[in-house]
Amino acid sequence: MPRIGVFICHCGENISGTVDCAEVAKVSAEFPGVVHSVDYKYMCSDPGQNLIKNAIQEKKLTGVVVAACSPRMHEPTFRRACAEGGLNPFLCEMANLREHCSWVHEKLPATTEKAIDLVRIMVEKVKRNRPLFSINVPVTKTALVLGGGIAGIQAALDIANAGHKVIMVERQASIGGHMAQLSETFPTLDCSQCILTPRMVEVAQHPNITLYTYAELEKLDGFIGNFRAVIRKKAKSIDEKLCTGCGVCFQKCPNKKILSEFNTHLGTRTAIYVPFPQAVPNKPVIDREHCMYFQKGKCRICEKFCPTKAIRFDQQDELIEVNVGAVVAATGYEVKDTDFFPEYGYGKYPDIITGLQFERLASASGPTGGVIKRPSDGRIPETIAFIACAGSRDPAKGISYCSKICCMYTAKHAMLYKHKVHQGKAYVFYMDIRAGGKMYEEFVRRTIEEDEVHYVRGRVSRIYDRDGKLVVRGVDTLLNAKPIEIEADMVVLATAMVAQPDAEELAQKMKVSYDENKFLSEAHPKLRPVEMNTAGIFVAGACQAPKDIPETVAQASAAASKVAGLFSKDELSREPVVAVVSRTGPPEFSNCVGCFLCESACPYQAIEHEEIKTRDGKLIKTVAKINQGVCQGCGTCVALCRTKSIDLQGFTNEQIFAELVSL
Amino acid sequence: MNELQQTAKDLLEKNAVAVVIGYGMGSEPSLRRAVFVRKPDQAPQLIFDESCRQNLAFYVLKPEVKALGKAAVVARTPTLRTLLQLATENQITDESVVALPVGNGSVQPLTNFAAIEQYLANVPRGFTAQEQQELAAIKSKTLADRWAFWKSELSRCIKCYACRAACPMCYCSKCIVEVNQPQWVPVPSDMLGNLEWNVIRAMHLAGRCISCGSCADACPAHIRIDLLNQLLATEAMQQFGAEPGLSVRKDYALATFKPTDKEEFIR
Amino acid sequence: MTAANLYIPYQMRIDKVTEEAPGVKTFRLGFVNKDDEGRFSFKAGQFGEYSVYGEGESTFCIASPPTRKGYIECTFRQMGRVTTALADRDEGDIVGFRGPYGNIFPIDEWAGKNLLFIAGGIALPPMRCVIWNCLDLRDRYQDVTIIYGARTVADLVYKHELAEWENRSDVKLFTTVDPGGQTPDWKGKVGFVPTILEQVAPSSVNTIAIVCGPPIMIKLTMPVLAKLGFKPEAIYTTLENRMKCGVGKCGRCNVGKVYVCKDGPVFTLAQLNQLPPEY
Amino acid sequence: MNESKIILKKSLGEWFNMMTAGGYRVVGPVGQDGQIDFEPVTSPDAVRFDHVQTNNSGKWVMFPRYEAMMRFRLSGKEVQAGEIPPQAPPTVLFGAHPCDAASLATLNAVFTWDSSDAYFEPKLANTTIIGLSCTKGDSYCFCTSVGGGPGDTRGSDVLLTPLDGEKFLAEILTEKGKSVVGLAPQLFSAADGTSKEAALAKIPARFNHRDVTAKLPSLFPKEDVWKEQSLRCLGCGACAYVCPTCSCFDIQDERDRYTGVRIRCWDSCGFGLFTLHASNHNPRHKQSERWRQRVMHKFSYQPERLNVLGCVGCGRCSRSCPVDMNLGEHVAALAEIKV
């Protein structure tokens, strides 16, 4: 029979005020297996802990139940005390007499009876505890940063500056992301590119950062500290070592009419191109879809003119396998197409544009050199209407959330317009103004009051063309719901920020969860905002939810600090509360029948396949195996397993069963 | 020779399979029993008619039958669905089994799971009118009456486990009733143990059971275990859209979460 | 306890617990009720049903010799539900015991002969009873040779008694561990039991061999014994089929027309050769 | 002893009432078609006479599905344990067919072999069997192949044979039988000499059990035979549980908090785990080996060891088999094999 010690804490008056602690101790002493039972005023105090340590030694205890407060509070304290007393710390259990009993009941005999029940349950559990030992997992101190926007850049630089290696993967030919497309940034109106470019260059030059542009994550396996990523480096069709970035190639490329993605289709580019002049790396790639050679088999003009002979038409995609210890997902967002708002006429009228397009028009490096011109005829608009919430906050259109930045950038756009077109009239249609940030409200007020932008609170019902003017029709709900009609030369829609079109696919590749809008889900919305539910994967920026730049940068730094924290140790030590698959003797070797239903249930993808083979290598059966590095001990697989082949260490079926039977 | 017999004979002659698992004459004129045809000239033993009820998919997993080699199974719709569900659960592979669909005219062998999926796409499914009526009758009972009904049914259980043995989805090498650390289900057949056994089995089959009825056919005490399983199958269908055995896609209702899950039971 | 109802166990108190090897323990059990002790007697080779109240019964041999009065000992490996619960018992705890059941080693018939004991791993306990029984009656027998092997040094059970036998001049003891199972200071042999038996090559003349071990060891040892000239009638072993009742009723240990609990557990190889190989 | 009398069918109800009044629990075949079983008779009208066979046998009267033997309580380091005395209420098992009555000899042989079974023996001693001859059989019946017959008196204390729709010939065979008849002597009239033979069902013999017993040891090694026969066997325990002679059992502890009972309950040699060692070694790993054990045990081991046949030819195993394993057919086939 085990030798269990029971230690009842009064917690001052907290427990003893309602529970007869001496009685609990007395009754507990009679439980089968209990050889020692005492009560004490403060078990967590030094003398209290000494009671436990001494009893372990004097009574040769094989298990300890401390009946006190929540294990959240003092389990580490008492487990440490047990360890110091020479008992494996996992042979110590706590019965929560405070939160589960004394605090929630009145002083009645039944309260003491419940306390006795709680102790008895834990006695029965601890009898079946087995010594457990922390699991140590080695850590590969390299981080994989997915995405080279401002979130990825910030996270990569912070991690790299903390002294760890970083591998950055960017899908486009250049890092920079959406921030590189922006003109000025609210609320300070500093030039986006001016503040971003130095960071981009720093990334490129950082000795700790390896940069893969024009590359994507192909596959991610493994677990915290030990991921294995496969990166697909798409064929750039140039030899990056030889290319000097001189630009002759794209000057000579005959196909100049390709709509530039960077310029939001408001400008053009060539088939061999760098996305924008400040690109990092500043080396071109060939867009094979538009390259005449790849499409028609003829041309090769760039090759002819390349002074360093760097063009490689036969280049293939390359798969690179890297080992990393942590992953930061910073894959950003996309702007919602407005096709789904046919009443706003986007796509039908060229002068109805998105906010991001306006950024390019307003940008000094943009297609118009910073002059606000109508895409249709190049005229400077005299009247311009901005429509906020063009898609956001509209469950009927499938986007129920607020895109968060539109109020601010719309104010900024209106302000920029007024700064550039002094005589122009600017209208902003809005639902509410959400300007909750440092200096944000002041910025909006400035737009309204100093720059005299007309803010109209109301929804736009329809936009249509009348003699070359865009008639914006809506309701001004502030003036007795008066219908309002404005004849504008240009309309800017603050379209919703949405997840990248392949966000779901990426999330599945990384085996992390995502919400109904395909934004990646953090582990806890408040307390673990940068961790994902798969340990070792962190999230930064707008791939998690719409965010502005300061928030994105803050989250990126937070993710980086989490990574740096993870990398501060050579090995991860974690509680051995993980699932295990039982093994038996031959000929079955395990009760697991390999149905792998647990595999689809595991939220952490910790279930692996293990082949059991004979000595001469013949496959006997394939059974489940838990990757102890990945397992978070949630127990879902245990509940699901029909043959009870999976057990959760520290919370075994036998223990839980014994707890229930003892009630 | 009819088409079934001819098809079986061809498969055996071509060595496409080592055994054809089918139905043959049983002890009584009205009874059919499983036969294991291994020689082409035995093919005339095979019969198929209304009396052929057993879900032969069970035998695909039986070690002694497996040892004979690749098998063709005379398969009614439930059997086909069972095969797909077994495939979903990694118990059989495309290479281990050929299905001979019966009951729909042609006996064209289905040599892979994709073919079975395709075949099943055109087969009507759902409970029969009689089954639906029985289910509705149970559901319309008051809780007390329902409890009384099941108590009376399950009190007859002698824990012979014929239901489990006959069920092709009960393929665990060590069933939970045999796992004794802890002893999940009391060993003897008294009311508590009977209830626990039958309820646990029903839960283990929820979302997996394709309602072939083999359990009830096998029960020597004539307990309506099939009703219990059908009730849970209905729940799995209504709550989670679970229709097991229609594809090899892994979407076990109890293991996966879908935003469309109703989860009315926890409201 | 009523003698009339054979299913009701004697209550036994655990007087001493010895850790023999990883997962292997020996309990010394004394009768709680002295009347029971007075009624109780057994012979070498017999077994019993040991129980933990609330967990069930488990079958093992009586590992102490009948020549040591006042207690019985059992040695078991923690494997299933009951043995796990047993392993959790401590000195002073109460367990149940039904027995003795089964037949015996015919040690009286062996008088005047050489005895060769061959055991592997956790199968020494069934043999320890008869070894001590014979050693306690040492002058009745000629040479006594013991060959005992285990997977590793740690897995050897009764280490203190092995040392005692080692030091006795009237016992030839050969201990061995499987290749790879030795420790740096291991002084015994290294090799599988059949190999060591072949090396030691005891004479089969006027010798009884008693063999006990895992099925694979038995299978490989028998041909060596045959080669050494042992007749099937001179080779004894004890079977460990699954049992519940211990008295030939529950049907579990039935092999051919034999019930291991009643006709065994002790069999000569000659008898085993008559049985279907279902043990 | 063997005295024959006549009792009218309409008098049976009164006889039952007298038995109940006399302190007997009356157990008989009751239930709906397809689900007729031996259960305590609450109303004489509920007793069935027209069935070939009950689903389950009446062995539970002597050997219940579940039986508590010992209770215990744990506290501190102490255990209080006590025997649960056998419950053996005086019982009349009414309407057992001759095969069922014959099965008692087999059960008795097992439970009294060398040591006495405190739970079985008093129950058997306190049970009076009022047998009922068979006037019909079906293709599963093979009592005549195993030494029995539709009018066999073995095992019965009183054997009733329906002579026509109205009256029964009552053969009073034992003292126990005499006692139950003595409860209501007025209901019995002198026999008129009508032979019961004409009323009995005709059950053709399918094999000679002595030949089978003699031959089986030589069939043991013929693995293919057993494999082929058991290929469709599911390995369920239905056959063993409905069998009147199967007596394998399990012993288990059941407990809640700190009190519990040690019980015994039915088990089946058809289960894979029946012989599984704790080490996971299983002497009868394959279903074919377990099927062979079932046949050998009944037709070879028990006759050799206990001098009783382990089968009474009631056919329940085959009737309840989900996959139409037909014992009579299989044993007949074994009898045909040339060795």
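**Close-up views: cysteines and domains**

**View 1. A disulfide links Cys191(A) and Cys194(A).** In this predicted model, the two sulfurs lie 2.3 Å apart. Across all chains, the structure holds 1 disulfide. The torsion about the S-S bond of Cys191(A) and Cys194(A) is about 80 degrees, so this disulfide is right-handed. Cys191(A) has a relative accessible area of 25%. That value makes Cys191(A) partly exposed, because the partly exposed class runs between 20% and 50%.

**View 2. Cys389(A) is in no disulfide.** The nearest cysteine sulfur belongs to Cys407(A). It sits 6.0 Å away. A disulfide needs sulfurs within 2.5 Å, so Cys389(A) and Cys407(A), at 6.0 Å, do not pair. Cys389(A) counts as buried, with 8% relative accessibility.

**View 3. Cys74(C) is also without a disulfide.** For Cys74(C), the nearest cysteine sulfur is that of Cys61(C), 8.3 Å away. Relative accessibility at Cys74(C) is 1%. Cys74(C) therefore counts as buried, the cut-off being under 20%.

**View 4. Chain A is assigned domains 1 to 5.** Domain 1 covers 4–127. Domain 2 is given as three segments: 142–234, 317–332 and 507–566. Domain 3 spans 248–305, and domain 4 spans 335–498. Domain 5 takes in 579–661.

**View 5. Domain 3 and domain 5 of chain A, centre to centre.** Taken over C-alpha atoms, the centres of these domains are separated by 54 Å. The assigned bounds are 248–305 for domain 3 and 579–661 for domain 5.

Methods
Residues numbered from 1 in each chain as written. Chains lettered and ligands numbered in written order. Predicted model: local features only at pLDDT ≥ 70, side-chain atom pairs only at ≥ 80, totals over all residues. Heavy atoms only, no water. Domains from an automatic or database assignment. Buried < 20%, exposed > 50% of the residue type's maximum accessible area, 1.4 Å probe, protein only.
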